[in-house]
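Reader: I'm new to this one and would like a close look at how a pair of helices packs together. Could you walk me through it in plain words?

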Amino acid sequence: MKRSIFFLLFAIVFFCTKAKVSSSLQVKQYTLKNGLTVWLNEDHNQPKIFGAIVVKAGAKDCPDTGIAHYFEHMMFKGTDKIGTTDYFAEKIWLDSIAKKYDELATKISPNERNNIQTEINTLSIKAGEYAIPNEFDRLLTRYGGTGINAGTSYDCTVYYNTFSPQYIAQWAEINSERLINPVFRLFQSELETVYEEKNMYSDFIGYQAIENLTKRYFEPHPYAYPILGNTDNLKSPRLTQMARFFKDYYVGSNMGLILSGDFDTQTVLPILEKTFSKIPSGTAPRSGTAPPPPFKGKEHFKIKLPIPIVKIMGLGFRGVPANHKDQIALNIAIGILNNSNGTGYLDQLSSGHKLLGAQAINESLNDAGILGILVMPKIIFQSYSSAEKLVWKQIERIKEGDFTDEMFRNLKLEQKRYYDTQMEDIDSRSSVMMELFSQGKTWDDYLNFVNRIDSLTKEDVIEAAKTYFNGNYLYVTKKTGNYPKDNISKPDFNPIVPKNSEAKSKYALQLEQMPVINHPPKYIDFDKDIHTTGLTEFVTLYTTENPVNDIFSLDISYRTGILDNSILTHLADYLLYLGTDSITYQDFRNRLQSLGSTLSFSSDDKSFIIHISGYDNHFDETLVLVGNFMKNAKADKKQLKQIRNNEQLEKHSFFKSGDMIANAILEKVMYGNSSRYLTKFSYPEVKKIKEDQLSKAFAHIQEIACDIHYCGKLSSSQVEKSIRKYIPVEKSKYEAHTPVHREKLSYNESLIYFYDMPSSSQSIIMGYVKGDTAKDSKDRHMSQLYTGYFGGDMSSLLFQEIREFRSYAYRVNAKFQFPSPVHKGKSGILLSMLSTQGDKTIDALGVLDSLIRFMPQKPERISATKQFITNNINNNYPSFRDISKKVASWKHAGYKEDPNRSLYTGIQNTDINDISRFYEEQVSGRPIIYIIVGNSRTINMEKLSSFGKIIKVKEKDIYR
């Protein structure tokens with residue numbers, strides 16, 4: 001999300017491999033005259049461009065202060081030209097505000113601090129008279145932008161979004177301008193938004209445990225401190241420090257510009273030189289911080305988690321930083337422990353029921369590496385010490401070279417396949433490019449890194465395992481409990497509501513003079529963009545070409561889901577651990593791995609999918625294995641233990657998550673006893689499931705109509721021939737009943753379903769309004785226009801009124817949606833959601849309620865809302881692997897052609913009157929049902945009752 005932590009600390013990042021580079025994978029590097037590095041990657045497979053600015057400065061460069069993250073937020077507030085009606089008049093007030101924040105940082109007395117904050121509030125209201133809130137976001141949206149976002153990590157800060165190619169000149173102009181003279185306007189309200197972000201994370205299960213573990217793991221290195229900073233520093237930010245941070249680090253030689261997508265390099269280069277070379281040159285300071293010291297023997301550390309019964313243990317070693325020569329060998333060592341086919345030594349402990357679970361972690365930050373193993377002992381009788389012994393035994397096998405040459409070759413192949421898939425499309429490739437640049441690598445460095453895989457030997461892996469999995473490590477165990485939350489009370493100052501919220505700056509008016517070639521969005525042609533073959537009356541094959549590499553994907557999507565048969569959610573897990581009547585699970589998975597292939601399963605409300613991937617030259621061999629599995633999967637009573645364990649984990653964590661509770665209440669509100677968490681659709685208790693039930697379910701699924709999606713380099717006729725030969729498509733003989741529709745409940749009065757959660761810092765608020773049916777396609781178009789106007793993006797009413805002006809929420813959104821056309825005649829609904837600090841609940845709910853009941857009419861916003869929809873149509877054009885799936889889903893929903901075509905045409909001649917009409921017909925005057933999960937001690941329950949009758953929710957009401 002925007003203004004969020006860019007890297008989760010324990011995300012697993014494998015650097016993977018590829019020897020040859022197709023044209024869409026080539027990256028050209030240039031340096032502008034101010035030293036700014038430019039990476040350009042042309043890819044014409046989708047009609048969009050991903051653009052990012054990467055700054056090699058993050059939380060480690062301002063330890064524990066949160067300055068880097070604060071500054072990231074302020075980079076969306078505009079400049080001396082963007083976001084203001086009169087900067088010179090505004091600056092007088094902004095300078096006074098900056099001085100007051102410096103003064104605030106020196107005060108300890110609560111009274112003195114309150115007095116200064118009151119003065120800051122008065123000054124902020126004055127400065128707000130000149131501010132144009134959200135103008136930067138609106139400009140990016142106006143010129144083709146979607147996914148406008150940013151993130152701060154320990155090592156870097158990135159600013160990025162996707163945009164339509166015809167707006168490249170405007171994108172470059174706006175994004176370079178933001179980096180020349182950013183202005184810290186509307187800071188007091190943004191400071192509150194950062195508090196909301198911190199509160200949100202503190203409510204996530206395990207977040208505080210990870211924060212405490214991170215501190216212990218990295219100290220005394222700056223990585224030990226939270227990216228958002230500690231609460232005391234968050235309360236006393238210095239704007240002068242923020243200005244110094246910008247001056248020091250936001251210089252040309254410390255920044256990278258990344259573009260990937262549908263552009264011409266020679267056309268783009270002069271535009272980038274003209275705009276981004278205006279950014280000041282300079283050399284950023286480098287701290288040269290030493291890496292964390294080695295652990296001394298087995299160092300013990302405990303973390304708290306509010307989950308009873310379940311045991312959790314971690315072994316933390318010192319890994320390698322980015323660019324280290326041993327990085328590749330360690331990746332292979334990790335693959336021997338865990339891999340995508342479940343053949344790793346730790347995987348075998350899980351599938352063999354010797355542990356509840358175990359996962360190896362290997363991540364490289366710029367200054368240090370994270371190497372660890374997360375272990376979950378069996379719930380009842382297994383001790384931490386016995387679980388640790390099992391893990392060490394598997395580690396020692398690697399150190400002793402106890403892995404076959406075949407396994408070694410297979411894992412190198414797996415690394416290459418992962419690399420190939422990471423490079424396939426604009427979005428995933430751009431993520432890799434951003435990370436590489438932030439680590440000081442060039443694209444050629446990466447390709448050379450990739451090529452080193454082939455020269456890697458078993459001895460390299462053995463030596464790496466011996467070096468890093470040594471006797472010096474952090475031994476972490478969990479105890480049940482909670483960390484105290486350092487909450488910040490609701491401020492007493494007045495909200496800053498700028499009077500120029502709909503104004504345009506002179507800069508924005510000048511941008512409008514730049515020429516633009518208007519291109520309508522690109523649509524999917526159901527006949528030309530995919531090849532469709534009816535294999536049987538009930539099986540349809542869709543094939544698309546892979547223009548990038550030689551990896552195929554094959555998804556067999558049966559059109560029956562959890563809402564038809566709730567046992568399917570368990571089946572997807574169960575099948576992962578089975579072999580066949582002629583080959584064991586381990587041998588089956590080894591054979592897949594030797595081919596470079598994978599097999600997995602998933603289920604959702606409307607489908608059960610068999611996911612297959614691999615190399616096209618092993619397509620038939622892979623299908624032989626998979627087809628045999630589909631026909632002869634062997635039931636295994638022992639493997640039921642694994643899904644029973646999964647159910648135990650969900651059971652013990654469910655009511656520790658406010659989001660999960662809120663979603664369960666929403667299901668109850670919308671569907672009553674048909675909620676997926678209650679009797680009719682709830683997951684059956686695993687202890688009552690027999691293996692023959694799951695076997696029968698798998699056999700029954702294969703009798704339902706299905707779609708098969710192939711993407712690769714083989715011809716449609718080749719694919720058809722192989723599927724007919726090896727996959728039992730003849731079993732499908734029943735029509736599907738999806739997409740399933742559940743009738744939604746109506747209400748005669750406004751109600752509040754309240755769940756008391758004393759441990760929460762925030763309140764999660766959801767709103768539900770049941771509308772009427774869609775009379776025609778225009779109603780469907782208006783539902784999307786209304787969504788964009790009311791709560792769909794950063795320029796919407798909800799975002800601006802609740803987050804930007806009043807800082808009542810970090811997350812806020814709303815959407816009106818109708819059922820698909822195949823369910824014509826069924827009612828639509830408005831769903832809204834926000835999360836806010838507990839003591840802001842009444843205020844936040846008051847604004848939400850007012851906006852739903854009395855929607856303001858702002859005609860000047862309609863053009864931006866239409867542009868928002870157009871941008872989404874264009875920039876969400878699917879990658880080559882997803883086109884056929886999108887087409888199939890549209891067909892099943894009742895569409896004969898790409899629905900975006902009629903949507904784009906249908907909104908062109910609409911205005912505020914159309915939105916108002918839709919609002920009056922579908923939302924206005926209807927009962928609103930609110931769902932609130934929060935701490936009743938921080939909420940005025942008497943005032944809450946003024947919004948509707950309060951119904952207190954108990955666990956048994958919403959969860960079986």
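Author: Here is a walk through one helix pair, followed by a second pair.

A quick note on the ground rules: this is a predicted model, where local features need pLDDT of at least 70, side-chain atom pairs count only at pLDDT 80 or more, and totals for chains, interfaces and linings use all residues. Residues are numbered from 1 along each chain as its sequence is written, and side-chain values use heavy atoms, with hydrogens and water left out.

Let's start with helix 5 (residues 168-178) and helix 10 (residues 265-276), whose axes lie 9 Å apart at an angle of about 20°. Helix 5 is therefore roughly parallel to helix 10 (angles under 35 degrees count as that). Their crossing is right-handed, meaning the near helix is turned clockwise from the far one by less than a right angle. As for who touches whom, I168, A169, W171, A172, E173, N175 and S176 of helix 5 meet V268, I271, L272, T275 and F276 of helix 10 (contact means heavy atoms within 4.5 Å). Sorted by class, that contact has 8 nonpolar, 3 polar and 1 charged residues.

Now for the other pair: helix 21 (residues 619-632) and helix 25 (residues 716-726) have axes that come within 9 Å and cross at roughly 30°. So helix 21 is roughly parallel to helix 25, and the crossing here is right-handed. On the helix 21 side you'll find F619, D620, L623, V624, G627 and K631, which meet V719, S722, I723 and Y726 in helix 25. By class, this contact has 6 nonpolar, 2 polar and 2 charged residues.

Conventions. Axes fitted to C-alpha atoms, helices over the stretch in contact; angles between N-to-C directions. Helix = DSSP H or I, 4+ residues; strand = E, 2+ residues; numbered from the N terminus. Parallel < 35°, antiparallel > 145°, perpendicular 65-115°, else oblique. Nonpolar A, V, L, I, M, F, W, Y, C, P; charged D, E, K, R; others polar.
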